[in-house]
Amino acid sequence: MATITGGELVVRTLLGANVRHVFGLHGAHLETIFQSLARHGVPIIDTRHEVAAGHAAEGYARAARTLGVAMVTAGPGFTNVITSMANAYLDRTPVLYLSGSAALADAESNTLQAGIDQVAIARPITKWAHQITTPAQIPRLVAQAIRLATSAPTGPVLLDLPIDVLTAALDESTVRIPQNLVLDSPAAPAGSLVERAIALLMTAKRPIVMVGPGAWQCDAGDELRAFVERAGIPVFSDFQSHGLLPSSHPLYGGTYHKLADLSATDARPDVVLALGVRFGLFTMGVSDRLVPAGAQLIHVDVDAREIGRLRNAAVAIVADSQQTLRALNAHPQAQRWSDFKAWQKTVQDAKSARRKHLAELLTRSAPPIHPYQAVSALADNLPEDAIVVGDGAEAYHWLNEVIRQTRAGSYITHGFLGAVGFGLGLSLGAQVAHPRRPVLCLVGDGAIGFTIAEFDTMTRHGLPIVAVIMNNRSWAASQHFQEIVSGRDHVLGTRLGDARYHDVAAAFGANGAHVTKIEALGPAIKAAFASGKATCINVEIDLAPIPPEIELLMARHN
Ligand SMILES: Cc1ncc(C[n+]2csc(CCOP(=O)(O)OP(=O)(O)O)c2C)c(N)n1
């Protein structure tokens, strides 16, 4: 009788779901899976910390719009990946986490890396968490986990795999591997709701479309473009859907925060078509600085929990954004729109005024480099098809002012968890998903410290990620908050030293560059991408300036 292990069953089911890469860090509990992955030629991207493996699986899932897989060993391997699991949960990222655990036969025996209920810990931060106790059930349960993770609303799942379940030997002839694991049945909107949405949009004088992660998750770019080009309605986006309408498009208004610039004018949006938008942190909660309280909302999302969460929806559509846009595009009245030219001009004028105002910051000629100068040099020297990962706090808010993209899913940054330090991990996954696209990670000097050893992973796996550190020798967002709330004389625990991060990266085999003058930054970025090697560019910037988006957020709290 030919036999097969539980670990081999896990891997064969993953192959049935088209899994091509797995991120992880070894532990004896996972050995059968490691060996089976190798036998089937599935590369394991082994990281230096489990949280980076988890974040890499998230980055892969987000950059490739598919399932990411991370495997971690029992006990500390599992506890180390919790931040990633929580991040994936709040971002709705489809990641399958596989955790090793102690043998079922060793329950309650104070054995190695055991004694914690991993499923119970994962349950509130996953769509589903389950321990497999019967080896023969592995294919069915792995398939169920993958279906749950990848069906809307997507999200992370945990399968906990005791070592004796993974090492058990089964009769191979009894094994059936499930097929067609990824469900493809997007929810279409009810016709009556499409009518109501059209009727409301027809009453609008200053309509906008807001696109959120849900619009990107269902790949609604073509339908969005067709809709807004015919209707002439300006578009504002969050980060995941950045590039869904190219930033250079005349109807693109900017990221959500730019809506605040319209609050200075009398002309503010009166009807908002929110596609896959999750109201909260990035729409400034219940404040009406971005979306006026009086604006009528048509809210489309696959997850009914998001509708009406903070804003009452005049028309609530629990459906896929792409399907909804198709229905709107097909509606006969959607061919005859009012003339929104004056409104479009208001939006574009606000955008130009902001750029002009910020351009004054580019005139500084001597060090220290202004952070806006740094991100501008970055944007100007970034290859067109680059994937950008934004970490740190003020760092990515500065980046939001200049980022220009033509492809969605190419700006991977903070969600509601706000987990500083996830950048290098996310970048690993994005680079594995798109080996030929340039990947840039913008990161604060605080954030880089969490996983700086991942330069080793980049070097070993030949992943030419370029990390640019905005080095202000401070946990800047924290220090600025402290200065405002507690006073400049009470700064504590938020300053950092003058570390040579580029030398640390070089010690792991990456290229390192130290930039103190703005003229040197553009050439350093170009050289880094041309080198084909992982590179760390340590840029000394001025600590004092606070990004306009953070000033806006702080003004709200004062
Ligand atoms: C894991 C984690 N720890 C702490 C915080 C709190 N926090 C928010 S912003 C910030 C400072 C980030 O500093 P840095 O990475 O240097 O970025 P900068 O603000 O300078 O851009 C901290 C510590 C957090 N969000 N996440």
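**Strands, helices and hollows: what earns each name**

Colleague: What makes strand E9 and strand E10 a pair?

Modeller: This is a predicted model, and in it E9 (residues 207-211) and E10 (residues 235-237) are joined in the parallel sense over 3 bridges. Pairing takes at least two bridges, so they qualify. In this match, Val 211 stands opposite Ser 237 in E10.

Colleague: Which strands stand at the edges, and why?

Modeller: The open sheet has 6 strands, running E11-E10-E9-E12-E13-E14 with parallel pairing. E11 (252-255) and E14 (315-318) each have a single partner strand, so one side of each has no neighbour in the sheet. From one strand to the next, the twist averages 15°.

Colleague: How do you know that H12 packs on the sheet?

Modeller: H12 touches strand E12 (271-275), strand E13 (296-301) and E14. Touching means heavy atoms within 4.5 Å. The direction of H12 makes about 135° with that of E12. Angles go from 0 to 180 degrees between N-to-C directions, so a value like this is allowed.

Colleague: Why is the crossing of H11 and H12 called left-handed or right-handed?

Modeller: The axes of H11 (residues 221-231) and H12 (residues 321-330) come within 9 Å and cross at roughly 35°. Left-handed means an anticlockwise turn of the near helix from the far one by less than a right angle, and left-handed is what this crossing is. Among the residues making the contact are Leu 224 and Phe 227 of H11 and Leu 325 and Leu 328 of H12. By class, that contact has 5 nonpolar, 2 polar and 3 charged residues.

Colleague: How much space lies in the largest pocket, and what makes a pocket unlike a cavity?

Modeller: About 940 Å³ lies in the largest pocket. A pocket is an open set of points, while a cavity is one that a 1.4 Å probe fits but cannot leave. Of the 39 residues lining this pocket, those closest to its centre include Thr 150, Val 182 and Gln 217. Its lining divides into 19 nonpolar, 13 polar and 7 charged residues.

Colleague: How many cavities of 30 Å³ or more does the structure hold?

Modeller: There are 4 of them. The largest has about 160 Å³ of space, and the second largest about 50 Å³.

Colleague: What makes the lining of the second largest cavity 1 polar residue by class?

Modeller: Its lining has 4 nonpolar, 1 polar and 4 charged residues, and Gly 253 is one of them. Gly counts as polar, so Gly 253 is that polar residue. Helix H13 (residues 341-359) gives the largest share of this lining, 4 residues.

Terms used
Residues are numbered from 1 along each chain as its sequence is written. This is a predicted model: local features need pLDDT of at least 70, side-chain atom pairs count only at pLDDT 80 or more; totals for chains, interfaces and linings use all residues. Side-chain values use heavy atoms; hydrogens and water are left out. On a 1 Å grid over the protein atoms alone, a cavity is a set of points where a 1.4 Å probe fits but cannot get out, and a pocket is an open set with protein on both sides within 12 Å along at least five of seven lines; lining residues have an atom within 4 Å of a point. Grid points are joined across faces, edges and corners, and a volume is the space filled by probe spheres set on the points.
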